[in-house]
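Visitor: Please take one part of this model and look at it closely. I would like the strand pairing in one sheet, and then whatever can be said about the loop and the enclosed space.

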Amino acid sequence: MAPPTSVLSTTLQLLRDKLVDNSYLAHPLFRAIEQAGNLVRVSGGSRVEQPVIFGEHSQITDLTNGFEPVNMAVTDPFNVAKYEYSNFTQPIILSAVEELANKGETAVVNILEAKMSNVMLGLRKAVSKRVFVGGSTLGTLQTLNGMGTATVAAETTGWLEGVATGSQLNTVGGLAKTTYRSENWFNQLQNAGGTMSLEDLDELFINCQIFNPAGEFPDLLFMSPSAFAAFQALQQSSVRYVSSSDRESLDSGMVAMWRGAKIYIEPNLGYANAAGNNVSAFALSSSQFQLYADTDAFFTVSDMLPVPGTATKAAQVISRVQLVTGHLASHGVLLNAES
């Protein structure tokens with residue numbers, strides 16, 4: 001019997017010392033969240049409770065001479081959006097044959113390290129797809145997509161809907177948009193009608209900014225590859241050209257920006273939602289959402305232990321995370337801007 005492919009492909013003397021994983025695309029979600037300071041690490045707990053204020057606590061009384069009776073009527077404006085943690089795991093398995101063959105000078109590439117990297121990338125890929133597209137995988141994790149896809153019905157707990165404010169029906173964090181719509185519990189929407197325009201982006205940003213408690217524009221903009229290409233075509237006058245020798249020092253690690261928002265190309269975007277509209281971009285205000293993660297379960301790898309009855313060892317990569325928001329009206333979605 002021939003040795004496992006993993007042994008053959010990682011112990012050949014002429015193999016380059018760098019393993020290239022062709023299974024995955026770059027997904028910027030985690031980089032964007034961490035750079036924005038939105039990763040909140042906590043220890044324990046079964047869920048995240050996000051305090052939300054709807055309405056006014058008390059009423060204003062106009063004073064003419066100072067002796068008027070003051071309106072002392074009060075209401076309780078405090079509500080709580082509740083988000084249960086999403087728990088998931090994926091194994092890393094190493095056989096005895098792989099372990100014995102992949103050592104010493106012939107171990108050009110570490111099999112265990114390569115498998116671990118593959119699993120980590122796979123988990124992050126799945127989280128990104130769940131957040132931007134939805135679907136049954138990682139179904140307990142919150143999703144931005146409240147519009148469904150061409151093959152999957154809209155999730156009633158998705159944050160962003162592709163319809164006008166008065167028609168939004170989803171429930172986010174246990175709080176129904178129909179109940180709290182008048183208190184700005186809805187998302188912004190801009191439909192570009194098939195063609196990307198800077199005016200559409202501006203209108204989306206302005207609407208998000210108007211409703212943001214701090215009056216800030218969204219600072220994270222996730223765009224589909226086609227929408228970003230169309231956006232770049234409109235921005236040719238702003239393109240900066242540098243010599244190849246200076247390129248690395250000037251542009252390394254940089255991202256495009258629009259109205260103060262960092263733009264990230266998200267390969268999952270560009271899909272058609274259940275209504276047939278292309279989801280081209282999500283505009284998010286980082287001050288109004290967070291990714292909570294358990295300190296002991298944020299893509300944490302357990303020890304390698306023998307699997308009874310087999311000649312293998314296994315470790316588990318486990319995560320306990322949840323995406324949380326307390327303000328929907330400062331986030332928005334851009335539709336039909338793929339060209």
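Guide: Leucine 220 has leucine 284, in β11, as its bridge partner. This is a predicted model, and that bridge belongs to the pairing of β8, residues 220-223, with β11, residues 279-284. The two strands run in the antiparallel sense and are joined over four bridges. Both are part of an open sheet of six strands with mixed pairing, ordered β7-β16-β11-β8-β10-β9. β7 (188-191) and β9 (257-258) are the edge strands; each has a single partner strand, so one side of each has no neighbour in the sheet.

Between β10 (261-265) and β11 comes a loop that holds proline 267. Proline 267 is partly exposed, because its relative accessibility is 31% and that class covers values from 20% to 50%. Leaving aside residues up to four places away in sequence, proline 267 touches Leu25, Ala26, His27, Pro28 and Pro225. Its C-alpha atom is 9.6 Å from that of serine 128, although 139 residues separate the two along the chain.

As for enclosed space, there is one cavity of 30 Å³ or more. The largest cavity holds about 60 Å³. Among the residues lining the largest cavity are Leu29, Phe30, Ile33, Val127, Val131 and Leu323. At least two lining residues come from each of α2 (29-35), α4 (111-132) and β15 (312-325), and α2 gives the most, with three. By class, the lining has eleven nonpolar residues, no polar ones and no charged ones.

Definitions and conventions: Residues are numbered from 1 along each chain as its sequence is written. This is a predicted model: local features need pLDDT of at least 70, side-chain atom pairs count only at pLDDT 80 or more; totals for chains, interfaces and linings use all residues. Side-chain values use heavy atoms; hydrogens and water are left out. Two strands pair if DSSP finds at least two bridges between them. Buried means under 20% relative accessible area, exposed over 50%, partly exposed in between (1.4 Å probe, protein chains only). Contact means heavy atoms within 4.5 Å. On a 1 Å grid over the protein atoms alone, a cavity is a set of points where a 1.4 Å probe fits but cannot get out, and a pocket is an open set with protein on both sides within 12 Å along at least five of seven lines; lining residues have an atom within 4 Å of a point. Grid points are joined across faces, edges and corners, and a volume is the space filled by probe spheres set on the points. Ala, Val, Leu, Ile, Met, Phe, Trp, Tyr, Cys and Pro count as nonpolar, Asp, Glu, Lys and Arg as charged, and the others, Gly among them, as polar.
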